[in-house]
Amino acid sequence: MTMKAAQRLALVALVILLAWAFFAWGGPQWLTLEGLKTGLDQFAAWKNASPVLLGLVFGAAYVLVTALSLPGAVIMTLAAGAIFGLFWGTVIASFASTLGATLAFWSARYLLRDWVQARFGDRLKPINEGMARDGAFYLFTLRLVPVFPFFVINLLMGLVPIRSLTFYGVSQVGMLAGTLVYVNAGTQLAQINSLAGIVSPGVMLSFVLLGVFPLVAKAALGWLQRRRVYARWTRPRSYDRNLIVIGAGAAGLVTAYIGAAVKAKVTLVEAHKMGGDCLNYGCVPSKALIKSAKLASQMRHADHYGLSATVPQFSFRQVMARVHAVIAAVAPHDSVERYESLGVEVLQGYGRVVDPWTVEIKAADGSTQRLTTRSIVIAAGARPFVPPLPGIEEVGYVTSDTLWDAFAQLDASPARLLVLGGGPIGCELAQSFARLGSAVTQIEMAPHIMAREDVEVSELARQSLTRDGVDVRTGHKALRCEREDRDGVTHKYLVVEHDGVEQRIEFDALVCAVGRAARLKGYGLEDLGIPTERTVVTNEYLETLYPNIYAAGDVAGPYQFTHTASHQAWYAAVNALFGHFKRFKVDYSVIPWATFIDPEVARVGLNEQDAKEKGIAYELTRYRLDDLDRAIADGAAYGFVKVLTVPGKDRILGVTLVGEHAGDLLAEFVLAMKHGLGLNKILGTIHTYPTLAEANKSVAGEWKRAHAPQRLLAWLQRYHAWRRG
Ligand SMILES: Cc1cc2nc3c(=O)[nH]c(=O)nc-3n(C[C@H](O)[C@H](O)[C@H](O)COP(=O)(O)OP(=O)(O)OC[C@H]3O[C@@H](n4cnc5c(N)ncnc54)[C@H](O)[C@@H]3O)c2cc1C
C-alpha cells in the first residue's frame with residue numbers, strides 16, 4: 001500500500017470513528033429543537049462560569065459536526081443565537097460553519113476527487129470548465145439559498161476545480177445572511193416550535209433573488225462589455241445583407257448555403273478559387289493521387305492476387321493530369337453557378353472587414369464595392385506553413401498550394417523527393433510519390449510520424465511507408481538548406497540534425513508539409529482589434545470579439561478538416577442569423593478523422609495515448625483484420641479495430657481503425673458515439689456478409705465475449721448436463 005493510500009485509509013477510519021462516537025453518545029437526540037430547549041439552562045450556567053471557554057468548545061463542536069457532515073448544523077446555528085445572542089452567535093456560527101465546511105470540502109477533495117475525475121473523465125469537462133470560469137458565482141448562489149443542503153454543497157465542491165481560499169471566502173460571505181436569520185431565530189428560541197417555519201416564503205424568495213443576482217449581474221456585464229466593443233464604430237441604419245461570408249472553402253460554402261436556405265440575403269466573397277483548399281489543393285487532389293499510386297503499387301504486387309507482377313508503365317504527366325481532371329469534375333459542386341442557383345450571391349474578389357458591419361470587396365480589376373451586413377462569417381482558411389530555414393528560398397520548395405501545378409509540368413516524379421513533415425499530409429504525399437517512382441526521404445522532428453496516434457499506429461504507418469520505399473527519418477531536425485552549383489549542375493541539400501550529428505540529404509524536390517497556419521492578416525482583423533493567436537480567437541458560439549462577427553473552419557480551429565469546417569459552418573450560420581433568439585455552442589464531442597495512407601488510419605474519440613494523458617479509465621477491445629473473411633479474400637488481411645470503452649460498460653470512448661477503407665468503416669462508430677449507442681447495439685445489428693464492415697461487429701463480439709456472465713454460464717452448463725440426464 002502506498003503512503004497516500006494509507007493516509008487516506010486513516011482519514012476514512014477517523015471520520016467513521018468520530019461519526020460513530022457522535023451517534024453512540026446520542027448526538028442526534030441532543031441536536032433537536034427539544035434537546036436544545038431542554039439543555040438551554042445548563043448552557044446558560046456554563047456561559048456564566050466561563051463564556052470564552054464555552055464559545056471555544058461550542059465552536060469546536062460546530063466545526064466537527066459540519067466537517068463530518070453530520071445532521072444538526074441548523075440546530076447548532078439556532079443554539080448559537082440562543083446561547084450567545086445575535087452578535088457573538090453570528091460570529092461563532094459563521095466562522096465555525098465555514099471552517100467545518102472547508103474541512104468537509106478538503107476531505108472530499110483528498111479522498112474522492114482523483115477517483116471521480118478519473119472515472120468520469122471527459123464527461124466532467126464541461127462542469128470543470130464551467131467551475132473554473134464561474135465556480136465562485138455558482139457557489140455563492142448555492143450558499144445564499146438555504147434549500148440546498150449544506151453538507152452536499154461542501155462535498156460536491158471538493159470534487160470540482162475551485163480553489164480552497166475561494167471556497168472559504170465565498171462560503172463565509174454567502175452563508176452570512178442565512179446564518180443571521182437562524183441565529184436571530186435562535187435568540188427567540190422559546191417561540192419556535194418547528195424548524196420548517198423559521199424561513200418564511202418571503203425571506204426564502206429574497207434569498208433566491210440574492211442568489212441569482214450575481215449571475216444576472218454577470219450576464220448584464222457581459223452584455224455591456226459586448227456593446228462597448230462597438231462604441232468606436234457607427235452602426236449603419238439599415239443593412240444591405242443579413243450575412244457576408246469571407247472565403248468559399250468548406251466553411252464558407254456551407255455557411256452561405258445554410259444562410260440562403262433559410263432565406264437570408266447572403267453574399268459569399270472568394271478571392272481565389274471556389275472550393276478553397278479542399279477542392280483545389282487538399283483532399284481532392286491528394287485522394288486522386290493516392291488512387292493512382294495505389295493502383296501502381298497493386299500492379300507491382302499483382303502476384304499477391306495470382307496475376308503477374310508488373311512494373312507499372314505510366315506517364316507521370318498523365319497521372320497529374322488526372323488529378324486536375326478530378327478537381328475539374330468535382331468543381332461544379334462548389335461553383336459560382338451552383339451557389340447562385342442555391343440563392344447565394346457570389347462575389348469574386350478580396351474581402352476586407354472595414355468595420356463590424358461593412359465589408360469591402362476588391363475585384364481582380366481593382367474595382368471595389370462596400371456592403372453593409374448584420375453579420376459576418378470569416379472563413380478564410382489556412383495556408384501551408386513554411387519553416388524559416390536558412391537557404392530554403394534559394395533551393396526552392398513546393399507546398400500543397402503549389403505542388404499540384406508544379407508537378408503537373410514534370411514528365412516523371414522527382415527522382416529524389418524530400419518530404420519535410422511527418423503529419424498526415426506529409427505521410428500521404430510521401431507514400432504516393434514513392435509508389436509513383438520517387439526515392440522519398442521523409443523528415444520528422446518528433447520521435448514518431450503521425451504523432452497524434454498511438455505509438456503502435458505510428459509504427460504501423462512507418463512500416464507501411466518503409467515497405468513502399470520511403471526512408472522515414474524520425475527524430476531528425478531540419479536545420480538549413482544548402483545549394484551548390486558544380487559542373488553546371490545545381491545540387492540541393494537539406495541539413496538535418498540527428499542525435500547531435502549533422503547530416504546532408506541531397507534532393508531534387510522539396511515538399512514542405514510541416515503544418516498549416518490560419519490566414520489572419522490583411523483583411524481587417526488587425527484594424528478591428530479582433531484577437532488572434534494561432535487562429536482567430538472565438539468563444540464556443542464561434543463569435544469573435546464582436547458578437548456579430550464569427551469565424552469557422554481552419555481559420556478558427558481547433559481542427560483542420562473539411563468535415564469540421566462544415567460542421568462549424570452550421571453553428572456560424574445559425575448563430576449569426578438567429579443568435580438573438582438562441583445561440584448554439586459548437587459540439588466537438590465526436591470528431592472523426594482519417595489519414596489516407598495505405599492502410600488507412602481512422603479515428604474517433606479517445607485513443608490510448610489521450611486516455612492516459614487525461615487520466616481516463618478505459619477498457620480496450622481489439623479485433624485483428626487478419627481474421628476477417630472479406631479482408632482475407634481481398635488480400636487486405638492486415639490492421640485492426642481498437643475500441644476503448646468505459647470499464648464494465650459498452651459505452652464507446654474512442655475507436656482507432658487501421659486497414660483497408662478504415663475511413664469508411666469508422667462511420668458506424670461515429671454514429672454510435674454521437675447517438676450514445678454502445679457495442680451491444682452494434683453487435684445486435686445485421687452486417688452484410690462478407691464485408692469489411694463486419695469488423696465492427698466482430699470487435700463488439702470480442703467485447704461481449706470478454707463480458708460473458710461466467711457464473712450464469714456455469715449454471716447453464718449444469719442445467720444442460722441435467723437435461724441430458
Ligand atoms: C494536402 C491536403 C490534404 C488534405 N486532406 C484532407 C482530408 O483528406 N480530409 C479533410 O477533412 N481535410 C483535409 N485537408 C484539410 C482541408 O483541406 C481543410 O481543412 C479545409 O479546406 C478547410 O476549409 P476552410 O473553409 O476552413 O478553408 P479553405 O478551404 O482554405 O478556404 C478558405 C478560402 O478563403 C479564401 N479567402 C481567404 N481570405 C480571403 C479574403 N480576404 N477574401 C476572400 N476570400 C478569401 C481563400 O482563397 C480560400 O479559398 C487537407 C488539406 C491539405 C492541404
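**Tyrosine 719 and its surroundings**

I looked up tyrosine 719 in this predicted model and noted a relative accessibility of 39%, so I entered the residue as partly exposed, the band for that class running between 20% and 50%. I placed tyrosine 719 in helix α26, which spans residues 710–724. I then asked which residues form a nonpolar patch on the surface with Tyr719. I found Leu712, Leu713, Leu716 and Trp722 there beside Tyr719, and together the patch has about 530 Å² of accessible area.

**The nonpolar cores**

I turned next to the largest nonpolar core, which has 39 residues, and recorded that Leu289, Phe407 and Phe433 are the ones that touch the most other members. When I listed the elements that give two or more residues to this core, I wrote down the helices α12 (283–300), α13 (316–330), α16 (403–408), α17 (424–435) and α18 (455–467), together with the strands β8 (416–420) and β14 (509–512).

I followed phenylalanine 407 further, setting aside its neighbours within four places in sequence, and found it in contact with Phe316, Met320, Val398 and Pro414, and also with Leu417, Phe433, Ala509 and Val511. I also noted a second core, separate from this one and made of 28 residues, with Phe22, Leu70, Ile75 and Ala185 among them.

**Cis peptide bonds**

Where are the cis bonds that I looked up, the one ending at proline 558 and the one ending at proline 599? The bond from glycine 557 to proline 558 has omega near 0°, and I located proline 558 in the loop between β16 (549–551) and α20 (562–578). For the bond that joins aspartate 598 and proline 599 I recorded an omega of about 5°, with proline 599 lying in the loop between β17 (592–595) and β18 (600–605).

**Positive phi outside glycine**

I checked serine 69, which is not a glycine and yet has a positive phi of about 55°. I found serine 69 in the loop between α4 (51–67) and α5 (73–120), and because its relative accessibility is 21%, I entered it as partly exposed, with buried reserved for values under 20%.

Methionine 450 is another residue other than glycine for which I noted a positive phi, here near 45°. I placed methionine 450 in the loop between β9 (439–443) and α18. Is methionine 450 buried or exposed? Its relative accessible area is 4%, so I entered methionine 450 as buried.

Conventions
Residues numbered from 1 in each chain as written. Predicted model: local features only at pLDDT ≥ 70, side-chain atom pairs only at ≥ 80, totals over all residues. Heavy atoms only, no water. Core = buried A, V, L, I, M, F, W, Y, C linked by side-chain atoms within 4.5 Å. Buried < 20%, exposed > 50% of the residue type's maximum accessible area, 1.4 Å probe, protein only. Helix = DSSP H or I, 4+ residues; strand = E, 2+ residues; numbered from the N terminus. Contact = heavy atoms within 4.5 Å. Patch = residues over 30% accessible without salt bridge, like charges linked within 9 Å, V, L, I, M, F, W, Y side chains within 5 Å. Areas by Shrake-Rupley, 256 points an atom, 1.4 Å probe, with all protein chains shown as cover. Salt bridge = Lys/Arg side-chain N within 4 Å of Asp/Glu carboxyl O.
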